[in-house]
Amino acid sequence: MIIEPAIRISDVQEYYFSRKLKQIDAMRAEGKQVINLGIGNPDLPPATSVVEKLSEAASKADSHGYQSYIGIPELRKAYADWYGKWYGVELNPAGEILPLIGSKEGIMHISMAFVNPGDTVLVPDPGYPTYMSASKMAGANIVSYKLHEHLGWQPDFTKLEKLDLQKVKIMWINYPNMPTGAKATEAFFKKVIDFGRKHNILICNDNPYSFILNNNPQSILAVEGAKNVAIELNSLSKSHNMAGWRMGMVAGGSEIIQSILKVKSNMDSGVFRPLQVAAAEALTLDQEWFDEVNRHYMNRRTIVWEIMKALGCSFDKNQVGMFIWAKIPTAYHDSEELADAVLEKNNVFITPGTIFGEQGSRYIRISLCSNEEMLKKSLTRIVENKNI
């Protein structure tokens with residue numbers, strides 16, 4: 001007997017990296033020393049004070065019960081102070097901040113809270129695949145809007161205005177952008193807020209990369225009136241080397257946050273209290289912490305630039321975030337062909353831009369989350385075997 005799965009997952013595929021990691025595991029089982037340069041999984045540790053705070057809190061007898069769905073007050077205040085200090089945004093911790101078990105969770109919660117079957121969602125191409133998969137599971141019609149390099153990887157609002165926007169509920173944006181590393185401008189954020197207000201569209205900015213190789217962290221919520229039409233996801237995964245801790249948040253107007261809470265409170269039972277206490281500590285880290293982390297990424301970036309050159313790729317050195325996005329040579333049909341060749345011939349895994357949409361077909365992405373030794377070893381393999 002076969003139990004049929006729900007229709008909502010019929011168009012949703014297993015996450016690309018989940019499938020690829022299985023292939024890499026199989027290759028390693030055969031004795032191949034595969035180097036993974038594909039995933040943005042920080043290899044550097046959190047601050048010592050953060051780990052100590054976790055240990056201290058976990059040792060307390062009263063730390064192990066269920067927690068509030070809205071997070072402990074200390075964490076919400078820490079998020080509010082963090083936004084005030086770094087982004088110049090005033091948030092009320094009582095109603096405008098909702099801690100999450102990672103911001104990826106929030107993408108699904110937001111989709112469930114605001115999208116009815118048959119509604120339309122605007123998804124960037126190239127863009128994070130979860131925007132599309134979460135929208136599909138919510139029953140949305142997907143409209144991909146293309147980002148172009150010559151426009152700085154920002155939406156073409158002239159083309160967007162020509163679309164039928166009556167049923168659009170959500171527009172996903174992601175700046176600093178992943179996978180392209182493009183930065184937003186204040187003028188862009190104002191334009192997208194005006195677009196959302198004009199067409200009654202909820203603008204969702206996913207903002208986990210604003211502290212990586214970027215001296216000017218920005219938030220869409222800094223735009224006047226933004227909280228009426230926009231929300232922002234953020235996370236400690238990349239900025240504080242806490243990816244496995246699953247500490248994220250969403251911020252925006254209190255009515256919007258309350259709608260998301262209705263979904264969230266029916267799907268989890270709060271975050272382990274010591275994790276929240278430690279996250280509050282992480283949010284107090286100063287510029288020196290970010291400078292030290294970025295020093296490692298700058299050194300690694302230089303080597304990745306050399307890898308890209310060895311592959312015959314071209315790229316913009318002004319990118320921010322923890323990846324390098326580069327255009328592939330014309331000799332290859334698409335980026336998946338190049339990525340598969342590098343994996344097969346050099347035992348080095350890089351990410352093809354095809355997984356981010358049609359606009360990524362001529363691009364590849366390499367993560368900065370491997371140490372210099374591994375990056376240099378990857379460069380050596382590729383230089384020594386250019387027959388890829």
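**Notes on a seven-stranded sheet and its helices**

1. Let's start with one pair of residues: Ser 235 stands opposite Gly 248 in E8. The strands E7 and E8 pair in the antiparallel sense, with five bridges between them. (Two strands count as paired if DSSP finds at least two bridges between them; helices, H or I with at least four residues, and strands, E with at least two, are DSSP runs numbered from the N terminus.)

2. A word on what you're looking at: this is a predicted model, where local features need pLDDT of at least 70, side-chain atom pairs count only at pLDDT 80 or more, and totals for chains, interfaces and linings use all residues. Residues are numbered from 1 along each chain as its sequence is written, and side-chain values use heavy atoms, with hydrogens and water left out.

3. Now zoom out to the sheet. This open sheet has seven strands in the order E2-E8-E7-E6-E5-E3-E4, with mixed pairing. At the edges sit strand E2 (97-100) and strand E4 (141-146), each pairing on one side only. From one strand to the next, the twist averages 20 degrees. (Angles run from 0 to 180 degrees between N-to-C directions, and axes are lines fitted to C-alpha atoms, for helices over the stretch in contact.)

4. Strand E8 also pairs with E2, in the antiparallel sense over four bridges; Ile 97 has Ala 251 in E8 as its bridge partner. For a parallel pair, try strand E5 (residues 168-173) and strand E6 (residues 202-206), joined by four bridges. There, Ile 170 has Leu 202 in E6 as its bridge partner.

5. Is E8 enclosed or open? Five of its five residues are buried, so E8 is largely enclosed by the rest of the structure. Both faces are covered, with Gly 248, Val 250 and Gly 252 on one side and Met 249 and Ala 251 on the other. (Buried means under 20% relative accessible area, exposed over 50%, and partly exposed in between, using a 1.4 Å probe and protein chains only.)

6. Helix H8 (residues 254-264) lies across E2, E6, E7 and E8, and runs at about 30 degrees to E2.

7. Finally, look at two helices. The axes of helix H10 (residues 287-310) and helix H12 (residues 372-384) come within 10 Å and cross at roughly 10 degrees. That makes H10 roughly parallel to H12 (the cut-offs: under 35 degrees is roughly parallel, over 145 roughly antiparallel, 65 to 115 roughly perpendicular, and the rest oblique). Among the residues making the contact (heavy atoms within 4.5 Å) are Ile 303 and Ile 307 of H10 and Leu 375 and Leu 379 of H12.
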